[in-house]
Every structure is written in C-alpha cells, then in structure tokens.
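Biologist: I should like to understand the terms used for this model. Please justify each label as we proceed.

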Amino acid sequence: MGELVAVPTETVYGLAAKALDPIACAKIFEAKARPLSDPLIIHIPEMSWLKRLSQPSRLATELAQAFWPGPLTLVVAKKGCVPDLVTAGQESVAIRMSAHPLFAGVLNALGEPVAAPSANRFGRISPTTAGHVMEELEGKIPMILDGGPCQHGIESTIVLIAGNTLQILRHGPITVDQLSAYAKIHEGESQVLAPGRLKSHYAPQTPLEIQTVSALRGWPHTSRKTGLLAWQHSISGFNATEVLTPSGNPIVAATNLYAAMRRLDAAGLDLILAEEPPLAGLGTAIFDRLKKAAA
Ligand code: TXA
Ligand code: MG
C-alpha cells in the first residue's frame, strides 16, 4: 500500500502514507502542494515505535506515557530509519500516537507508522470532517476514511524536547498548565524550523480580522458584507454569524472553529470579524489559529 488515505484523528483529518516509504510520502507533498521544506508528523501504532524512530530523553518518554494516545506531538532526535523527506532533512522528527479508534485500528492492522499532515491544501484550513477533506482534495487522493467530526477540532500541541527541556512549538489541546507539571517551559524562539509557525496559515480566503467584543458591539457597519465569528454571544447587525460556544466552553469552541470559519468563508462576505477569545488554556491555542487566519 504505497497510496494515500485521508484518516480521521481526534484533532483534525490527516493525509496518511507509510512513513518509512519515501515514495509514498512524496505523494503527500504532491497532493497538498506542500513545500518539501515543511516536515511531516509520524503517527505510531504503539509505544515501542517511539524508540525505533527516535532517541527519546527521559522527559520525552514521560510525556508520551502521560499524554498518548492523545493530541500531543513530540519533536525529538531522529534515528537513521526515518526518511529525510519526512523530516525535511532535519535531525529531529515529530511523533504522536492518535487516540482516534478508527485510525488506531488502521495503524494496528498495518503494523507500521504513517506520516500524516492535516488533509488540507497547503496554507488552508484544516479539515474536521470527511466532507471538508473532499472540498480540499477531491480528485487528488484515492480514499477517505469517514470517522465523523473530529473530537478536538484543532491540531495537536507540538513540543520540542531537547534533553529535559521543553518548548511549545504550536499551542493545541494539551495546554501549558498540563505540560508545566512535567517540565519548566522554555520560552523564546527555537532554532528549529517549524513551518506551522509561519505567520500565515490556516487561512480562509475572505480577509479576517480579530476584534474585541466591545469593538464588535459598536461596529460601524458599512456596505461591506461582514460576517461575525463570535465566541459566546451573537451580536446583531452582521450579514452572517457563527457562535463558537453558546455555553462558553472553550473545548466546544475548538471543535467548532474550523467548520465555522469554512461556513463564513463560503458565505460570500467581504470581511470576517473574529471575536478575541479568552486568553487562557485552550483559548490560547484558538487565538493562535485566529492570528494565523488573520495574517
Ligand atoms: O493534530 C495534528 O497534529 C494533525 C493530525 C493529522 O495529526 N497533523 C498536523 O500536521 O497538524 P501538519 O503537518 O499540518 O502540522 C505539523 C506541523 C508542521 O507545521 C510542521 O512544520 C511541524 O509540525 N513539524 C513536523 N516535523 C517537525 C520537526 N521535526 N521539527 C519541527 N516541527 C516539525
Ligand atoms: Mg496543517
């Protein structure tokens, strides 16, 4: 099986190929129009693969035991068996174990790891349903496994582990508070290339701006068709509105984020205004995605 399959994970849909088969992995870059400089995450069927693919430190092993299977990706020193194409020539490799039962079942049956980035065209919004994958990649991939809507709705938290220090490369469902129980979180820019940190990513085609709730309440409406991506409460006067979490629960907001962005993007608007989320816990990860969508 050297072909691509779109698979559900607990975060977003992935586009999977056998990780140790560079030809199969090359098809991922082709289908997504992804630059070869952007490395892929490897998804493993079981814990023993962490050591087969990398040289995990004590901290990396502890984090894997604590959060796998689940939405945490570890960037660790790679071993020689990992193709250069997968790591974009870097000495580190990104690894995670997914908690999605359908995907986990496929990996166990396959008995080897797969590389899987999010199943969208490069720079676009990650898909959280099989229908979104169709919108992104129809005609470019032979198969989509439909596992229903994704549980978390935003991509995994990525941490860079160097020895026993930890740095967050991408905020996600596993929060700073959860991680800080295991290590001091190192702040500051890393030297590691993590193109997911590009300023613009996860972008709708309609221009998007982030605004505070008070700015939105007093918004000076013009003839521009304007949509609102509200956090908890809708505000009148907009041409289209999506409310991320009527109950105020950030977990629900994360789950709805990308689907809501896609609906607003399809609504023929001139501008999308996104309300600033509460800046703590999962709100940080959501704010991060909104900033990238706005860039
Ligand atoms: O939740 C997720 O992580 C989803 C699902 C499908 O697992 N995957 C995902 O993959 O978001 P992708 O490729 O869209 O984003 C992975 C990010 C990229 O920004 C990539 O640059 C970074 O991980 N990455 C991969 N390998 C890396 C490495 N060795 N060092 C630093 N960053 C790396
Ligand atoms: Mg992606």
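Biologist: Why is glutamate 242 called buried?

Modeller: Glutamate 242 has a relative accessibility of 16%, and buried means under 20% relative accessible area, exposed over 50%, partly exposed in between (1.4 Å probe, protein chains only); therefore glutamate 242 counts as buried. This is a predicted model, in which local features need pLDDT of at least 70, side-chain atom pairs count only at pLDDT 80 or more, and totals for chains, interfaces and linings use all residues. Residues are numbered from 1 along each chain as its sequence is written, chains are lettered from A and ligands numbered from 1 in the order in which they are written, and side-chain values use heavy atoms, with hydrogens and water left out.

Biologist: Why is arginine 263 called partly exposed?

Modeller: Its relative accessibility is 45%, which lies between the two cut-offs, so arginine 263 is partly exposed.

Biologist: What makes the contact of arginine 263 with glutamate 242 a salt bridge?

Modeller: The term requires a side-chain nitrogen of Lys or Arg within 4 Å of a carboxyl oxygen of Asp or Glu. The closest N and O atoms of arginine 263 and glutamate 242 are 2.9 Å apart, so the pair qualifies.

Biologist: How do you know that arginine 121 and glutamate 136 form a salt bridge?

Modeller: Their N to O distance is 3.6 Å, so the criterion is met. Arginine 121 is partly exposed at 30%, whereas glutamate 136 is buried at 3%.

Biologist: What makes arginine 262 a partner of glutamate 136?

Modeller: Their side chains meet in a salt bridge at 3.2 Å, N to O.
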